[in-house]
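Thanks for making time. I will go through a few pieces of secondary structure and how they pack, and then stop.

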Amino acid sequence: MGNCLKRSSSDDISLLRGSDGNSEVQTDPPPPYPEPVGPVYYPSPNISRSVNQLTEEEQIKIAKRMGLIQHLPTGTYDGCKKNRECVICMVEFIVGDNVRYLPCMHIYHVHCIDDWLMRSFTCPSCMEPVDAALLTSYETS
Amino acid sequence: MVSLPRRIIKETQRLLQEPVPGISAVPDDSNARYFHVIVTGPDDSPFEGGLFKLELFLPEDYPMSAPKVRFVTKIYHPNIDRLGRICLDILKDKWSPALQIRTVLLSIQALLSAPNPDDPLANDVAELWKVDEAEAIRNAKEWTRRYAMEN
């Protein structure tokens with residue numbers, strides 16, 4: 001918990017319909033520069049930036065993370081009864097699905113977990129950091 | 001219109017088929033990502049007997065990012081401000097895609113049972129909660145009676 005006070009101003013007040021009546025008419029002219037294009041990255045879970053808006057530090061962070069993800073083992077789902085459903089997409093695993101194994105032995109569809117790991121290097125199920133040991137060995141090698 | 005992810009369809013079905021006690025969440029007729037929520041005030045809390053309306057919205061990249069949730073009914077609580085915004089870690093930096101609409105709403109219900117004035121969002125409420133808890137609880141009960149018991 002914590003930090004809510006500091007960040008509360010960035011919250012959306014009205015989630016869909018302007019129930020508190022401050023829905024402003026958008027009259028701003030179009031931005032003078034073309035909208036940023038290219039893939040969007042998440043240096044932190046709540047921060048999204050297009051590739052050309054990343055700071056150098058964020059680029060390094062993301063590049064490192066991409067490298068680390070590739071170090072996590074993948075395989076195909078073997079029908080193991082312990083993990084029946086990918087908790088991210090809530091779709092049952094089918095034998096032959098591409099899955100990724102985290103160090104805590106939780107498994108997910110590769111495309112589901114990779115999307116999450118690019119935002120936060122934690123296991124969605126147990127919130128364990130995805131192997132700090134892996135991180136240090138990678139950084140020092 | 002972009003088709004709805006399987007996960008949202010599944011969660012919605014489960015919410016309607018096996019509702020959580022004390023919580024109802026119904027998708028809007030015109031937007032399946034927007035839910036009308038009612039949480040009953042937990043027993044033995046100052047909110048007991050109240051029916052609290054909330055709105056919940058699943059953003060485009062849900063479940064990679066947390067649902068957006070806000071109280072529509074006014075509530076006197078140290079972690080909920082006058083605009084209904086909620087200070088709850090799982091809605092911010094502790095979000096995980098393993099959490100669901102169901103678990104989010106259960107956490108909000110639990111927050112009503114256990115206000116945390118040391119991590120305030122509504123400063124004046126939290127202050128009173130710390131210096132004169134009895135008075136704060138009286139206020140919370142009064143607000144519950146006034147705003148959350150329409151019938």
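E6(A) and E7(A) run antiparallel and are joined by 3 bridges. This is a predicted model, so keep that in mind throughout. Within that pair, A:Val99 stands opposite A:His109 in E7(A). The two strands, E6(A) and E7(A), form a hairpin with 5 residues between them. In the turn, A:Met105 has a positive phi, about 75°.

On to the other pairing of E6(A). E3(A) pairs with E6(A), again in the antiparallel sense, over 3 bridges. Here A:Thr76 has A:Asn98 in E6(A) as its bridge partner. As a reminder, strands of a sheet pair through backbone hydrogen bonds, either parallel or antiparallel.

Put together, chain A has an open sheet of 3 strands in the order E3-E6-E7, with antiparallel pairing. Which strands stand at the edges? They are E3 (74–76) and E7 of chain A, and each has a single partner strand, so one side of each is left without a neighbour in the sheet. From one strand to the next, the twist averages 40°.

H3(A) packs on this sheet and touches E3, E6 and E7 of chain A. The direction of H3(A) makes about 100° with that of E7(A).

Now the helix itself. Which residues of helix H3 of chain A, residues 110–117, are buried? They are A:Cys112, A:Ile113, A:Trp116 and A:Leu117. Seen down the axis of H3(A), the buried residues fall within an arc of 125°, so they line one face of the helix. The spacing is the usual argument: an α-helix has 3.6 residues a turn, so residues three or four places apart point the same way. As for what covers the buried residues of H3(A), the list includes helix H2 (56–71), strand E4 (85–86), strand E6 (98–101) and strand E7 (107–109), which belong to chain A.

Last item, chain B. Helix H3 of chain B, residues 123–131, packs with helix H4 of chain B, residues 133–147. The angle is about 130° and the axes are 5 Å apart. Oblique is the range between 115 and 145 degrees on that side of perpendicular, so H3(B) counts as oblique to H4(B). From H3(B), the contact is made by B:Val125, B:Leu128 and B:Trp129. From H4(B), the residues are B:Glu133, B:Glu135 and B:Ala136. How do the residues of this contact divide into nonpolar, polar and charged? There are 4 nonpolar, no polar and 2 charged.

That is what I have.

Key: Residues are numbered from 1 along each chain as its sequence is written. Chains are lettered from A and ligands numbered from 1 in the order in which they are written. This is a predicted model: local features need pLDDT of at least 70, side-chain atom pairs count only at pLDDT 80 or more; totals for chains, interfaces and linings use all residues. A residue is buried if 20 or more other C-beta atoms lie within 10 Å of its own, exposed if 12 or fewer, and partly exposed in between; C-beta atoms are placed from the backbone. Helices (H or I, at least four residues) and strands (E, at least two) are DSSP runs, numbered from the N terminus. The arc is that of the directions from the helix axis to the C-beta atoms. Two residues are in contact if their C-beta atoms, placed from the backbone, lie within 7 Å. Two strands pair if DSSP finds at least two bridges between them. Axes are lines fitted to C-alpha atoms, for helices over the stretch in contact, and angles run from 0 to 180 degrees between N-to-C directions. Angles under 35 degrees count as roughly parallel, over 145 as roughly antiparallel, 65 to 115 as roughly perpendicular and the rest as oblique. Ala, Val, Leu, Ile, Met, Phe, Trp, Tyr, Cys and Pro count as nonpolar, Asp, Glu, Lys and Arg as charged, and the others, Gly among them, as polar.
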